[in-house]
Amino acid sequence: MCGIVGYLGNGNVYDILIKGLHRLEYRGYDSAGIALVNPQGALGIYKTKGKVDNLEAYCVGKDLTAGVGIAHTRWATHGEPSDTNAHPHYSEDGEIAVVHNGTIENYKVLKDALVKHGCKFHSETDTEVLVQLIEYIRLNTGCDLVTAVRKAMKKIVGAYAIAVVRKGDPDTLIAARQSSPLVIGIGDGETFLASDATPFVEYTKEAVYLKDGEVAVIRRGEPLKITNLDNKTAEVDVHTLEMSISELEKGGYPHFILKEIFQQPGTLRDCIRGRVINNGDTIAVSGIIDNKEKFLKARRIVIVACGTSWHAGLIGKYLIQDMCHIPVDVEYASEFRYSNPVLTSDDVVIAISQSGETADTLAAVKIARDMGAFVFGISNAVGSSIPRETDAGCYIHVGPEIGVASTKAFTGQVMVLTLVAMAIAQLRHTLTQEQLSNLGHAILQIPDAVEKVLKLAPMLERLSLTFTYAHNFLYLGRGYSYPVALEGALKLKEISYIHAEGYPAAEMKHGPIALIDQEMPSVIVAPKDHLYEKIVSNVQQVKARGGRILAIVTKGDKTIRNLADHVVEVPPMPECLSPIITSIPLQLLSYYIAVNKGKDVDMPRNLAKSVTVE
């Protein structure tokens with residue numbers, strides 16, 4: 001969850017690291033810190049509670065000259081956010097400094113052993129255990145720092161991505177990873193290190209993604225060297241980045257999340273491009289086509305995901321069962337990995353993660369592969385762990401998503417799941433050519449339909465004023481609209497901190513209806529579909545209890561318009577494609593309510609974009 005940046009080169013080390021921290025602040029913003037080794041070898045460490053802006057203010061007037069440096073923005077796990085618990089952490093003798101993303105599960109055992117050997121600790125973090133362990137090994141075995149890092153890594157249980165610098169050595173930067181992301185950027189006479197490529201995309205397009213159990217040694221004037229924990233040389237596999245610097249800027253919008261909401265017509269076009277061909281008559285998803293036997297013989301599909309991706313997975317369940325007639329289970333990855341799952345070689349597991357680094361989803365992937373299932377990954381991040389660990393997959397191609405609350409990644413995931421379902425149906429002949437073509441033609445119209453919905457933003461901004469001071473919300477939907485209701489409630493919770501719950505509308509009678517009164521708005525997702533008459537009945541039940549209703553309806557709807565207090569009309573769309581359209585007004589509503597309340601919509605409290613720890 002935390003963000004790591006490192007740099008070795010002739011540029012302004014401090015400026016590059018600070019800019020990188022700002023780019024990675026979506027990964028955590030409880031505290032921030034920086035360690036610099038100047039050309040004379042002096043090690044300076046500066047850190048403070050709060051956001052990166054606080055760190056910049058703290059560093060004013062400090063000696064910030066350096067030849068190498070590491071930096072960190074934290075999402076707290078062990079120890080509350082504080083100056084002391086902020087990274088970097090340093091050894092008791094002040095010789096080495098470390099930044100760390102991940103969780104060391106056996107830190108207590110290691111700490112107790114180190115205390116017995118005389119080590120003193122100042123923070124509550126597991127990371128301080130790591131840096132003390134490295135230095136203890138170096139001093140007591142007489143080995144060099146790189147060897148000490150390797151030996152320490154063998155003693156650690158858990159997930160880590162680390163960067164290490166040493167006092168007296170402004171020419172070396174060491175990095176290692178296990179189950180947490182770390183990427184190296186190779187420039188002209190300079191090398192970058194980061195949790196993802198965003199901190200260095202403007203400096204170089206050449207990136208190396210470290211694999212689990214690898215240690216990288218970056219030395220001034222020498223080629224990058226990568227080894228495993230047994231010091232065997234590993235391949236340096238250089239990838240070309242496709243990201244552009246403009247994708248990392250707000251582009252005139254007040255917040256990244258609003259920019260990303262308004263990017264969705266373009267990101268959906270990118271998602272569709274090359275996959276819906278022959279004017280919509282053919283669906284081409286290479287990960288399905290190249291593994292058609294696996295999907296032809298599949299007896300069950302299990303979707304594993306977390307958070308917003310789990311909501312997309314629920315929509316995927318409806319899509320695949322309706323189109324392909326294959327039973328589908330949708331599991332929280334965090335529960336799946338501990339539920340003693342039963343999988344066979346005839347099962348297909350679909351793992352969904354925007355970042356491609358979600359720890360629980362990665363663990364589920366490994367379990368599924370160990371049990372012989374075929375694993376298909378859906379991710380946004382090229383080169384991330386899930387694309388590397390799965391048998392096949394599909395990128396959503398929505399570009400970097402900086403806002404912590406997911407918007408364009410959600411609609412991209414739903415679109416890819418739609419294409420996956422159609423591609424499987426095409427293989428299994430569970431849809432006729434006419435049905436496939438009709439859906440394909442409709443998919444090509446979705447970006448234009450989303451543009452029409454986005455034109456409702458001024459109306460939703462005005463409408464948000466009506467609901468800004470509500471303390472609770474109920475979101476209701478049926479069929480394909482039920483996961484949309486869940487996602488709408490999650491968006492409101494994430495960025496406005498208003499309590500909201502999503503329910504299948506029919507389940508309202510089994511408890512939640514007791515909560516309905518004039519103080520609790522109900523948001524009802526009610527496009528014209530085969531369950532429309534049913535949800536009209538649910539609307540009437542809410543109205544009969546004095547509830548205030550905001551309904552998302554298909555353009556031209558008259559029945560619900562006459563019942564609801566407020567309606568938002570969206571363009572008509574085939575039922576299975578409606579979630580992409582109906583989710584957009586809910587994103588905008590959440591955004592404007594949160595802005596009205598003065599919340600930090602891009603960096604909601606206690607959240608981080610990429611959940612790389614349990």
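**Close-up views of a predicted model**

**View 1. Ser 179 sits in the loop that runs between strand β8 (169-178) and strand β9 (183-186).** In this predicted model, the backbone angle phi of Ser 179 is near 65°, which is a positive value in a residue other than glycine.

**View 2. Asn 231 is placed in the loop between β13 (225-228) and β14 (238-240).** The phi angle of Asn 231 is near 70°, and this value, too, is positive in a residue other than glycine. Is Asn 231 buried, exposed or partly exposed? The relative accessibility of Asn 231 is 41%, and because partly exposed covers the values between 20% and 50%, Asn 231 counts as partly exposed.

**View 3. A cis peptide bond joins His 87 and Pro 88.** The omega angle of this bond is about 0°. Pro 88 is found in the loop between β4 (68-74) and β5 (89-90), and His 87 lies in the loop between β4 and β5 as well.

**View 4. The surroundings of His 87, a residue with a relative accessible area of 3%.** Because buried means under 20% relative accessible area, His 87 is described as buried. The side chain of His 87 makes a polar contact with the side chain of His 72, at 3.3 Å, and the side chain of His 87 also reaches the backbone nitrogen of His 100 at 3.3 Å. When its neighbours within four places in sequence are left aside, the residues in contact with His 87 include Ala 32, Gly 33, Ile 34 and Lys 47, together with Arg 74, Val 99 and Thr 127. His 72 and His 100, already named for their links to the His 87 side chain, belong to this list of contacts too.

**View 5. Helix α1 (residues 13-24) and helix α2 (residues 52-59) have axes that come within 10 Å of each other.** Two packed helices are described by the angle between their axes and by the distance between those axes. Here the axes of α1 and α2 cross at roughly 160°, and since an angle over 145 degrees counts as roughly antiparallel, α1 and α2 are therefore roughly antiparallel to each other. On the side of α1, the contact is made by Tyr 14, Ile 18, Leu 21 and His 22, while α2 contributes Val 52, Asp 53, Leu 55, Glu 56 and Cys 59. Sorted by character, the residues of this contact divide into six nonpolar, one polar and two charged.

Definitions and conventions:
Residues are numbered from 1 along each chain as its sequence is written. This is a predicted model: local features need pLDDT of at least 70, side-chain atom pairs count only at pLDDT 80 or more; totals for chains, interfaces and linings use all residues. Side-chain values use heavy atoms; hydrogens and water are left out. Axes are lines fitted to C-alpha atoms, for helices over the stretch in contact, and angles run from 0 to 180 degrees between N-to-C directions. Helices (H or I, at least four residues) and strands (E, at least two) are DSSP runs, numbered from the N terminus. Angles under 35 degrees count as roughly parallel, over 145 as roughly antiparallel, 65 to 115 as roughly perpendicular and the rest as oblique. Contact means heavy atoms within 4.5 Å. Ala, Val, Leu, Ile, Met, Phe, Trp, Tyr, Cys and Pro count as nonpolar, Asp, Glu, Lys and Arg as charged, and the others, Gly among them, as polar. Buried means under 20% relative accessible area, exposed over 50%, partly exposed in between (1.4 Å probe, protein chains only). A polar contact is a pair of N or O atoms within 3.5 Å; within protein, one must be able to donate a hydrogen and the other to accept it, and residues adjacent in sequence count only if both atoms are side-chain atoms.
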